[in-house]
Amino acid sequence: MSRGRVVAAPAGERTLVRSGASDGAAAPIVVSNRLPYDLGASPTSARRNVGGLVNALEPIFATRPGGLWIGWDGRTLPNARSVEQALRQARAMSLPSGVTLCGVPLSERDIARYYNGLCNRALWPVLHDFPGRGVFDGDDWERYVRVNRRFADVVLARAKPSDRIWVHDYQLMLVPRFLRDGGFAGRIDFFLHTPFPPPEIFRVLPWRREILEGVLASDAVAFHTPRYRDNFVDSAETLIGAAPSRGVAPDRVDLIVGTARVHAAAIPIGIDVEGFQSLARSPAVQARARRIRAAHGDRSIVFGAERLDYTKGIVERLLAVERLLRAHPSLSESFAVVQVVVPSRHAVEEYRRMKRDIDREVGRINGELGVDGWEPIHYRYRALDRGELVAHYLAASVALVTPLRDGMNLVASEFVASRVDEGGVLVLSEFAGVSDILDGAVRVNPNDSQALAAAIHAALLMPVRERTARMRRLRPAVLANPATAWAARCLAVGTRPLGRLAAVPARGAGGPRNAT
Ligand code: GDG
């Protein structure tokens, strides 16, 4: 394919002022499916998106001013066929941090087939080790190719040869290849925010070769954990004959693909540590946390918050709470589960079905086990604002982070960072990437309902001294890895040796980790 960088920026768009240098300290061009804000009719009507990727990436621009972020702006247009048309329809907006957001418009058909189709019905389940849930449709794939090409074309229209381009996540796995096809010879980095499965799962995808070749047009590919990186390396070796070369640098495997050398690294994502700690210390949030606790009397609060997704294990968690209450009726009225579910992917039937399952189970469990003045489960189907979220982290006696599979999981780290009082117990699935670097959580296999109920029970009854000791072990790993440090490490791959992971090795873990 030869698509030149021929498209002029649309008239009337804001001038982009960027540092432009391609070393690790300059702001890269970030490319992700979604921008951190949906661009409404005017900057004042922009709405912030809730999601792990956006929350992790936004703080990096505070230390790298003048950045450019390219992604879908949340508007669906009737049509956006050509890149010229896409650019004419594109909107740009600058945030106070200095980053310019550049919207890539998508049509309704794009959203239906690229986003809801290929991304969320095919790639998401396969990458999370649920190939049986995958729906593999050639029309969805055709649209995924087309949209990835459009993203690449929008980037090409704005990138200078000296720019560094940082592409994110499973929605855009062909973008590095299309950037090369379009003549971009500068540095390209790719970060995958989901897990990467072993080759025997990944090979289920009909387009496995195109996906691997798309990503491998980057200079460096990074993952949250060594396991995901090694699964990717094994897949590239067995499915497209790439040659791994190990031991060239600490924490890095190189892949020789044709004449190219691609670095593959494992760099666990961090959070906005400062932001969460200062919110947790603010008098307003602390007062709110006290009011939340008071609303539940002297009952312990067991808190969970996640997007609606089958990977997050929400129904399994509700059933474990039911199991606990049935096995120990004396616990009735002693605690309350506050479960926040953030609406997500509503257009995908499977997600709508899951929402109905959660509604039904909450109603059934409360109906069967509630008593006058007390219900075990308090369910919120909406996003809380950030201050309210931190107030809940602070008010909770126990946080439940029990995904069946999760690339990393930021909620666990946010909970720990927010516990400036060193209180609270974290119950953590061994299938969240973050469990590889956190020591001090009550670790659990969320597929084992009995074990999950026992873990919640143990957390509720845990003596204060042990809670504090565990939280003191948890906090150093989280505080040592702010999102800005993660970004710096990602952008240093292959440009200088990677340091040791800023992580505390898990101790006494017993049993498999992230078993695949
Ligand atoms: C993907 C990967 C990976 C949750 N409830 C509320 C709320 N949230 C925010 C949290 C957190 C984010 O959503 C969720 O992040 P996660 O990491 O838990 O999950 P995904 O959205 O699936 O993220 C994941 C991540 O990318 C980063 O690489 O860790 O594995 O799946 O930041 O704070 N935010 C607000 N109200 C809520 O009620 N405001």
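**Exercise 1. In this predicted model, find which residues of helix α17 are buried and what covers them.**

Solution. Start with the list: the buried residues of α17 are Arg 467, Thr 468, Arg 470, Met 471, Leu 474, Arg 475, Ala 477 and Val 478. Next, place them on the helix, which runs over residues 464-479. Its 16 residues reach 22 Å from the first C-alpha to the last, close to the 22 Å expected at 1.5 Å a residue. Now bring in a rule of helix geometry: an α-helix has 3.6 residues a turn, so residues three or four places apart point the same way. Keep that rule in mind as you look along the list of buried residues in the structure. Finally, turn to the surroundings. The cover over these buried residues includes the helices α10 (273-281), α15 (410-418) and α16 (449-461), together with the strands β17 (425-429) and β18 (442-444).

**Exercise 2. Work out how helices α8 and α9 pack, and which residues meet there.**

Solution. First locate the pair: α8 covers residues 208-215 and α9 covers residues 226-240. Their axes lie 10 Å apart, at an angle of about 120°. That angle makes α8 oblique to α9, because angles from 65 to 115 degrees count as roughly perpendicular and only those over 145 as roughly antiparallel. The crossing is left-handed. Then look at the side chains: α8 brings Arg 208, Arg 209, Leu 212, Glu 213 and Val 215, and these meet Phe 232, Ser 235, Ala 236, Leu 239 and Ile 240 of α9. Sorted by class, the residues of this contact are six nonpolar, one polar and three charged.

**Exercise 3. Describe the place of Phe 202 and relate its neighbours to the α8 and α9 contact.**

Solution. Phe 202 belongs to helix α7 (residues 199-202). Its relative accessibility is 0%, so Phe 202 counts as buried, the cut-off being under 20%. Leaving aside residues up to four places away in sequence, Phe 202 touches Val 126, Leu 127, Phe 196, Pro 197, Arg 208, Ile 211, Leu 212, Ser 235 and Leu 239. Compare this with the previous exercise: Arg 208 and Leu 212 of α8, and Ser 235 and Leu 239 of α9, also take part in the contact between those helices. As a last step, check a distance: the C-alpha atoms of Phe 202 and Phe 232 are separated by 9.0 Å, although their positions lie 30 residues apart along the chain.

**Exercise 4. Determine how α10 crosses α14 and what makes the contact.**

Solution. Begin with the axes of α10 and α14 (residues 386-395), which come within 9 Å and cross at roughly 75°. This makes α10 roughly perpendicular to α14. From α10 the contact uses Phe 276, Leu 279 and Ala 280, while α14 supplies Arg 386, Gly 387, Val 390, Tyr 393 and Leu 394. Six of these residues are nonpolar, one is polar and one is charged.

**Exercise 5. Decide whether Val 338 and Thr 194 are buried or exposed, and list what each touches.**

Solution. Take Val 338, in strand β14 (residues 335-342). With a relative accessible area of 2%, Val 338 is buried. Beyond four places in sequence, Val 338 touches His 296, Ile 301, Val 302, Phe 303, Gly 304, His 378 and His 392. Thr 194 sits in the loop between β8 (188-191) and α7, and it counts as buried at 2% relative accessibility. Its contacts beyond four places in sequence are Trp 124, Leu 127, His 128, Asp 169, Tyr 170, Tyr 228 and Gly 407.

Definitions and conventions: Residues numbered from 1 in each chain as written. Predicted model: local features only at pLDDT ≥ 70, side-chain atom pairs only at ≥ 80, totals over all residues. Heavy atoms only, no water. Helix = DSSP H or I, 4+ residues; strand = E, 2+ residues; numbered from the N terminus. Expected span 1.5 Å × (residues − 1). Buried < 20%, exposed > 50% of the residue type's maximum accessible area, 1.4 Å probe, protein only. Contact = heavy atoms within 4.5 Å. Axes fitted to C-alpha atoms, helices over the stretch in contact; angles between N-to-C directions. Parallel < 35°, antiparallel > 145°, perpendicular 65-115°, else oblique. Left-handed = near helix turned anticlockwise from the far one by under 90°. Nonpolar A, V, L, I, M, F, W, Y, C, P; charged D, E, K, R; others polar.
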